[in-house]
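Okay, thanks for making time, everyone. I'll put the structure up and walk you through the parts I'd like us to look at.

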Amino acid sequence: MSTTLFSRGAKAGVSCTLLVVALGAGVTACGADDNPLAADPYDAADQISFSGLTEAGKKADPEKPLVVTASGSEGRITDVTAVDATGRHVSGELAADGSRWHSTSPLAAGAHYTLTVSTENDDGAPGRKVVGFDTSKPATTKRLNVTFGPEAGTYGVGEPVVAELDQPVKDKAQRAVVERGLQVVSTPAVQGSWYWVDDKQLHYRPKDYWPANATIQVHSTLQDIRIGDQLYGGTAKPLTITTGDRVVAVTDAATHRLTVYRNDEKIKEIPVTTGKPGFETRNGVKVVLAKQYFVRMKSTTVGIAAGSSDSYDLPVYYATRVTWSGEFVHAAPWSVGSQGSANVSHGCTGMSTPNAKWFFDNIHEGDVVQVVNSKGDPMELFDNGIGDWNLSWQKWLQGSALATGTRSAAPQGNQARLSPQSL
């Protein structure tokens, strides 16, 4: 099974990894004995010159661009590749006339590179020059380290990938360097993009939910790459996660029904109750954060005074958490008479104990729980759980530092007037 690299920029299907861009057309040999293309490449040393490389025995400055220029008028550059000993490529641009190539991504510090330049002369014969060089170590020891999440394991198709930076990155150009170095590879392949939630956190999600039973591999190529003044890329432990079946639970607050779909097939419909007036359940797409067999829910934790008409202090079982502020899908045996006909809870989705146990046993972290037709506030995007899927794909792309046009600020979801805890 093959793996395909995700796109990260604003255009679908365009890879933004550190790959060499060769804009000149290559030449294919025809095989004829009198055809110059059939010959082995000649030594192109006399046709090209280098900028950014030093004389033998000295190390190149990784903070300076690498430039290859065709000398004179006897030939042109057709292709350039620059790759370090770990396999990281340097991206670059080649002039349309083949006269000049320059790097567009930074070199790594303290690395060994192999630079291969392909040319052709006026007769169309191919030439080649291979140069090895080392880059100097940076003067600074300041590093930007990255931690990927969630932990390795199997999740539902709604689970995003998270990159936590150990220090803020505010400049858009520096963010672009960081984003290009954070690689996400999926099997099967889907289109996806990073979104800067704030200066220290990025989320990565596909255009649609992840495929069922996919493998997602995450790693960084930023180590020793210059990000900004006195800041270089540091370490990042690679991450591999997988997805299970595509499980989506849809709660219709108007019909008081929760319907569970597995791999797009309806497998269960459950009568439920959701938030009553003043405590309406949030509308929108949420993702399962955790499951707890037992939770003690107290109204005082969400600002409801003890002894008031809306106060409660109850043991709750089979609790599936969908927001950090306390919204769950859980067993509510006290409201069975209203389930399927009325909304009487304080914001959670309640059901009978047998149905809650079934839901608890068949739902997993990362699965999708969506609420429709509620009069509640929309689900927050990032600060109360996983609300990433409530952004349209076009708005999600605007959160990438690689997006074309002006990047919009990361939107923040509306804070609910009262964060529902239970019931």
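One cut-off before we start: I'm calling a residue buried when its relative accessible area is under 20%, and exposed when that area is over 50%. Also, keep in mind that this is a predicted model.

With that, go to helix 1. Arg175, Ala176, Val177, Val178, Glu179 and Gly181 are buried there. So what sits on top of them? The cover for those buried residues includes strand 10, strand 12, strand 13, strand 14, strand 16 and strand 17. At the N-terminal end of helix 1 there's a cap from Asp171, with a side-chain oxygen 3.0 Å from the backbone nitrogen of Ala173.

Zooming out for a second, the protein chain has three helices and 28 strands. Of its 423 residues, 49% are buried. And if you take contacts between residues at least 6 apart in sequence, 69% of those join residues at least 24 apart.

Now, the pocket, since I know somebody will ask. The largest pocket comes out at about 330 Å³. Which elements give two or more residues to its lining? Those are helix 1, residues 172–181, and strand 17, residues 226–228. Helix 1 has the largest share, with six residues. There are 22 lining residues, and Thr104, Ser105, Pro106, Val177 and Arg226 lie nearest the centre of the pocket. So Val177 turns up again: it lines this pocket and is one of the buried residues of helix 1. By class, you get eleven nonpolar, six polar and five charged residues in the lining.

Stay on Arg226 for a moment. This residue makes a salt bridge with Asp229, with the closest N and O atoms 2.7 Å apart. Is each partner buried or exposed? Arg226 has a relative accessible area of 23%, so we call that one partly exposed. Asp229 is at 63%, so that one counts as exposed.

Next door in sequence is Gln230, in the loop between strand 17 and strand 18. Its phi is near 60°, which is a positive value in a residue that isn't glycine. That's worth flagging because most residues other than glycine have a negative phi. There's another one at Tyr318, where phi is near 55°. Tyr318 is in strand 25, residues 313–321, and at 15% relative accessibility it counts as buried.

While we're on backbone geometry, there are cis peptide bonds to check too. The bond from Gly149 to Pro150 is cis, with omega near 5°, and Pro150 is in the loop between strand 10 and strand 11. The bond from Thr187 to Pro188 is also cis, with omega near 0°. Pro188 sits in the loop between strand 13 and strand 14.

Back to strand 18 and Gly233. Relative accessibility there is 0%, so Gly233 counts as buried. Which residues does Gly233 touch, if you skip neighbours within four places in sequence? The contacts are Arg143, Leu144, Leu222, Gln223, Asp224, Ile225 and Ile227. In sequence Gly233 is 88 residues from Asn145, yet C-alpha to C-alpha they're 6.6 Å apart.

Okay, the rest of the salt bridges. The count is 14. One of them joins the side chains of Asp84 and Arg88, at 2.9 Å, N to O, and both of those residues are buried. Another pairs Glu269 with Arg257, with the closest N and O atoms 3.6 Å apart. That pair connects distant parts of the chain, with Glu269 in strand 22, Arg257 in strand 21, and the two positions twelve residues apart. Glu269 counts as partly exposed at 41% relative accessibility, and so does Arg257 at 30%. Then there's a network of salt bridges linking Arg282, Lys286, Glu327 and Glu380.

Last stop, the cavity. There's one cavity of 30 Å³ or more, and the space in the largest cavity is about 30 Å³. Among its lining residues are Lys286 and Glu327, which also belong to that salt-bridge network. Strand 26 and strand 28 each give two or more residues to the lining. By class, the lining has five nonpolar, two polar and two charged residues.

That's my tour, so over to you.

Conventions
Residues numbered from 1 in each chain as written. Predicted model: local features only at pLDDT ≥ 70, side-chain atom pairs only at ≥ 80, totals over all residues. Heavy atoms only, no water. 1 Å grid on protein atoms, 1.4 Å probe; cavity = no way out; pocket = protein on both sides within 12 Å on 5 of 7 lines; lining within 4 Å. Points joined across faces, edges and corners; volume = space filled by probe spheres on them. Helix = DSSP H or I, 4+ residues; strand = E, 2+ residues; numbered from the N terminus. Nonpolar A, V, L, I, M, F, W, Y, C, P; charged D, E, K, R; others polar. Buried < 20%, exposed > 50% of the residue type's maximum accessible area, 1.4 Å probe, protein only. Contact = heavy atoms within 4.5 Å. Salt bridge = Lys/Arg side-chain N within 4 Å of Asp/Glu carboxyl O. Polar contact = N/O pair within 3.5 Å; in protein donor to acceptor, adjacent residues only side chain to side chain.
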